[in-house]
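Open the model in your viewer and keep the selection box handy. We'll hop from stop to stop, picking residues and looking at what surrounds them.

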Amino acid sequence: MKLKLFASILMGSALMAVSAPAVAQEYEWTFQTSAQAGDNFFPMQQAWAKSVGEASDGRIEITVVPVGTVVAHNETLDAVGAGILQGHITDPSYFSGKDPAFAMLGNLVGAWSAPEQMFGYMENGGGKELFNELVNPYGLQFLGASATGVESFISTKPIHGVEDLKGVKMRAPEGMVQEVFAAAGASPVNLPGSEVYTSLEKGVIDAADYTVFSTNHAQGMHDFAKYPLYPGFHSMPVIEISMNKAIYDELPDDLKKVLNDSVPTFARDMVAQLREQDEKAVAEAEADPEITVINWSDEERAKFRSIAKSQWANWAERSEMAKKAYESVTSYLTSEGLLEE
């Protein structure tokens with residue numbers, strides 16, 4: 001409904017932007033994010049938009065609006081392709097119904113132990129080119145990716161490695177995440193994020209794949225889930241920044257460079273700020289004698305990644321692009337010594 005409502009207005013402004021004369025503020029765009037206005041990384045995304053304006057000497061002005069402002073969170077791919085929005089900042093996994101490759105490139109369970117590993121793949125391992133191969137047919141141009149950091153894992157019992165996952169009743173999102181944890185011996189169940197707190201508190205579940213450490217701590221999860229795993233070993237959602245390809249293609253080369261160069265800087269700044277918040281929360285938790293923060297060894301992380309790889313292979317059979325993503329990521333992980341052949 002909203003797609004049609006905003007189409008004529010925003011498409012018109014987008015086309016005007018493309019044909020505007022070469023003066024200050026030649027391009028005025030709206031990017032919708034999957035973040036809520038109150039999320040700690042929303043102002044960081046707004047700061048990225050401001051930095052693009054400054055780097056372009058005011059020729060580009062990007063307004064970043066919160067989730068749901070123009071279209072639903074899972075409609076931005078179509079909205080950007082149609083020119084209703086000029087870009088989005090989002091989790092690609094929302095579009096896995098269109099192609100499983102979006103899930104594999106958006107949140108490949110167990111793949112990354114740190115944001116820097118993912119950045120290396122996107123920038124030097126062929127990830128950016130593959131992402132554009134995926135989104136170009138939908139009318140988008142991929143500019144780059146950031147991340148919130150590796151998510152923590154909250155648990156009411158100590159889990160020091162893969163063996164300890166056996167029989168653990170845990171909350172996990174549907175799809176690849178549940179399949180990987182089931183393969184590792186855990187018993188994943190469906191629960192909305194809003195029920196994680198009470199389910200842990202009442203013992204309905206033993207553990208949960210939920211979000212980053214600082215958010216868990218702020219919400220009081222560690223009052224009863226006293227064995228958090230940090231840094232996490234399982235989930236690190238990618239935050240994709242893409243824009244309308246028709247608009248991008250018409251840009252002069254200097255502005256294309258501004259946009260492409262802006263994302264790696266933004267990504268590292270965002271990760272640094274969120275890591276600082278996590279580290280502060282971890283220090284508070286470690287000061288509490290009743291809380292034990294567990295950090296898996298590299299060996300245990302490699303074990304989990306090997307289990308996850310078997311499930312990645314299953315997903316790779318679901319589409320041609322998913323297979324390409326599987327081969328590309330596993331090749332990179334192996335070359336970096338992060339995955340055994």
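A salt bridge here is a side-chain nitrogen of Lys or Arg within 4 Å of a carboxyl oxygen of Asp or Glu. Before selecting anything, note that this is a predicted model, in which local features need pLDDT of at least 70 and side-chain atom pairs count only at pLDDT 80 or more, while totals for chains, interfaces and linings use all residues. Residues are numbered from 1 along each chain as its sequence is written, and side-chain values use heavy atoms, with hydrogens and water left out.

**Stop 1: a pair on a helix**

Select Lys257 and Asp261. They form a salt bridge, with the closest N and O atoms 2.6 Å apart. Both sit in helix α11 (residues 253-286), and because they are four residues apart there, about one helical turn separates them. Helices (H or I, at least four residues) and strands (E, at least two) are DSSP runs, numbered from the N terminus.

Now colour by accessibility: buried means under 20% relative accessible area, exposed over 50%, and partly exposed in between, using a 1.4 Å probe and protein chains only. Lys257 counts as exposed at 53% relative accessibility, and Asp261 as partly exposed at 41%.

While you're on α11, click Pro264, which also belongs to this helix. Pro264 is partly exposed, with a relative accessible area of 26%. Draw a distance from its C-alpha atom to that of Tyr332: the two residues are 68 apart along the chain, and the atoms are separated by 19 Å.

**Stop 2: salt bridges across the chain**

How many salt bridges does a search of the whole structure find? It finds 13. Go to Arg59 and Glu26, whose closest N and O atoms are 2.8 Å apart in a salt bridge. This one links distant parts of the chain, 33 residues apart: Arg59 is in the loop between α2 (42-55) and β2 (60-65), and Glu26 is in the loop between α1 (2-19) and β1 (27-33). Glu26 counts as buried, at 8% relative accessibility. Add Asp254 to the selection, and you have a network of salt bridges linking Glu26, Arg59 and Asp254.

Next, pick Asp206 and Lys157. Their salt bridge has its closest N and O atoms 4.0 Å apart. It too joins distant parts of the chain, 49 residues apart, with Asp206 in the loop between α8 (196-201) and β8, and Lys157 in the loop between β5 and β6. Is each partner buried or partly exposed? Asp206 is buried at 17% relative accessibility, whereas Lys157 is partly exposed at 34%.

**Stop 3: the four-stranded sheet**

Show the strands as cartoons. The open sheet of four strands runs in the order β5-β8-β6-β7, with mixed pairing. At the edges stand β5 (153-155) and β7 (187-189), each with a single partner strand, so one side of each has no neighbour in the sheet. On average, neighbouring strands here are turned by 25° against each other, direction ignored; axes are lines fitted to C-alpha atoms, for helices over the stretch in contact, and angles run from 0 to 180 degrees between N-to-C directions.

Two strands pair if DSSP finds at least two bridges between them. β6 and strand β8 (residues 207-209) run parallel, joined by two bridges, and Met170 stands opposite Ala207 in β8. Helix α7 (residues 176-183) lies across β5, β6, β7 and β8, at about 160° to β7.

**Stop 4: a buried arginine**

Select Arg171, in strand β6 (residues 169-171). Which side chain of opposite charge is nearest to Arg171? That is Asp209, 5.5 Å away, and the buried Arg171 has no salt bridge. Look at the backbone instead: the Arg171 side chain reaches the backbone oxygen of Asp209 at 2.8 Å, and one of its polar atoms lies 2.8 Å from the backbone oxygen of Leu191.

**Stop 5: strand β9**

Finish with β9 (residues 238-244). Seven of its seven residues are buried, so the strand is largely enclosed by the rest of the structure. Strand β3 (residues 87-90) pairs with β9 in the antiparallel sense over four bridges, and Ile89 has Ile241 in β9 as its bridge partner. Strand β4 (residues 140-147) is also antiparallel to β9, over seven bridges; there, Gln141 is partnered with Met243 of β9.

Terms used
Lys, Arg positive; Asp, Glu negative; His and termini not counted. Polar contact = N/O pair within 3.5 Å; in protein donor to acceptor, adjacent residues only side chain to side chain. Contact = heavy atoms within 4.5 Å.
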